[in-house]
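Open the model in your viewer and keep the selection tool ready. We will go stop by stop.

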Amino acid sequence: MKTARATARRLGHDASSIAEAEARWATKGSASISELGDWDNCPLKHYLARVVRHQPEVPSHYLVLGIAVHDALHKIADDHVHGRDVDADRIDHLWEEAAADAGLLEHYPDLLGEGRALTQAGADLLADITPDNILALEDWLPRGFAVGQVPIVGRLDLAYLADDGAVVVLDWKTSKRPPALRPGSRSGAGPGINPQLGVYACAAQQLQADGIWPDGPIRAVFGMLRQERVIGLDLQDEDPARLRAWIEPLYGAMRSCRDPQPTPNRLCDWCDFQVACPAFVPLEPDLDVRHVVEQLELAGVPWPRIAAEALTVNEEGLAAILATEPSVRDAIYNGARR
Ligand code: SF4
């Protein structure tokens, strides 16, 4: 815990508030998918955000923009469900309100146009969904929901019945690149599915089994607002088992919170804690998959995790590296650590 506590102190927390925060964390009995994702991405970031609960004076532009767009889209979807007209003026109004509430107007006014465009992209996707087919809007996961032995709490952005009869669970994303759909597990549990989509798909499975949602194939997707498209996966028979294999050891590590170390990754540039982070290495803004691999390798990141990160940048680029550099491929598939 030496590194983590020292970083918390650099952010202004004293020893007694750190001890109090760690004791509070030890009594927590469930996890959200974003907590698990934070731990998987960078245990130090998880420790500072979730255990110590450090609040930066001004959250990153990435976070503020995401909150504002999600809020506006939730209200637009609510209008859509209730048959209220969602014209350009209404979208303007809801966006401006959400931007003010999230602090975007105050802290990042230059992002107002970008956020309005992302909101419009979401409104266009929503307009294609029949209002009567909407199954969930910012609803909590079912009470008592668990993946294997891990109790999970969280909300679903949106779920609906598609024209082909599939139950679609959608999560809005404002990021430039889509998260990898089937990354290798970063926690070393073997090849997996995207954890966030996997959790949503398992929740949909439970809601179907409980007779709350209609039967039908399950599709879990990201609504990629910058790309104005939906990408995702249909739930396969083996996916819940893969998800359990990923989540159970990860949850165990996260709960015990042993020695959370900084783990540089592609989200460092949006991390609220880089100012105090002992391992922050800035990546070039225009990410190239080979550059990402080199940077992560230099930072001593294990190979299975490098592969997962590289996949999120560019699948074709990673495939090319694997094809031309057998030692890299072997290191990834054998799970070797350098
Ligand atoms: S800057 Fe990167 S390595 Fe440091 S805490 Fe944030 S995510 Fe982790």
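Before the first stop, one definition: angles under 35 degrees count as roughly parallel, over 145 as roughly antiparallel, 65 to 115 as roughly perpendicular and the rest as oblique. Angles run from 0 to 180 degrees between N-to-C directions, and axes are lines fitted to C-alpha atoms, for helices over the stretch in contact. This is a predicted model: local features need pLDDT of at least 70, side-chain atom pairs count only at pLDDT 80 or more, and totals for chains, interfaces and linings use all residues. Residues are numbered from 1 along each chain as its sequence is written. Helices (H or I, at least four residues) and strands (E, at least two) are DSSP runs, numbered from the N terminus.

**Stop 1: two helices**

Select residues 33–41, helix H3, and residues 43–51, helix H4. They pack at an angle of about 135°, with their axes 5 Å apart. H3 and H4 are therefore oblique to each other. Now show the contact (C-beta atoms, placed from the backbone, within 7 Å). H3 brings Glu-35, Asp-38, Trp-39 and Asn-41. H4 brings Pro-43, Lys-45, His-46, Ala-49 and Arg-50. By class, the contact residues are three nonpolar, two polar and four charged. Ala, Val, Leu, Ile, Met, Phe, Trp, Tyr, Cys and Pro count as nonpolar, Asp, Glu, Lys and Arg as charged, and the others, Gly among them, as polar.

**Stop 2: the five-stranded sheet**

Next, colour the strands in the order E2-E5-E6-E7-E8. These five form an open sheet with mixed pairing. Two strands pair if DSSP finds at least two bridges between them. Which strands stand at the edges? They are E2 (134–140) and E8 (229–234); each has a single partner strand, so one side of each is left without a neighbour in the sheet. From one strand to the next, the twist averages 25°.

Zoom in on E5 (residues 155–161) and E6 (residues 167–173). They run antiparallel, joined by four bridges. Leu-161 stands opposite Val-167 in E6.

Add helix H5 (residues 61–81), which lies across E2, E5 and E6 and runs at about 140° to E2. Then add helix H9 (residues 195–209). H9 packs on the sheet and touches E5, E6, E7 (218–224) and E8. Its direction makes about 145° with that of E6.

**Stop 3: an unusual backbone angle**

Select Glu-138, in strand E2. Its phi is positive, about 55°, although it is not a glycine. Is Glu-138 exposed, partly exposed or buried? A residue is buried if 20 or more other C-beta atoms lie within 10 Å of its own, exposed if 12 or fewer, and partly exposed in between, with C-beta atoms placed from the backbone. Glu-138 has 14 such neighbours inside 10 Å, so it counts as partly exposed.

**Stop 4: around strand E4**

Select E4, residues 150–153. Val-150 and Ile-152 point to one face and are buried. Pro-151 and Val-153 point to the other face and are not buried. E1 (residues 31–32) pairs with E4 in the parallel sense over two bridges. There, Ala-31 stands opposite Ile-152. E3 (residues 146–147) pairs with E4 in the antiparallel sense, also over two bridges. Ala-146 has Pro-151 as its bridge partner. Finish at the hairpin of E3 and E4, with two residues between them. Gly-148 in the turn has a positive phi of about 60°.

Note on methods:
Contact = placed C-beta atoms within 7 Å.
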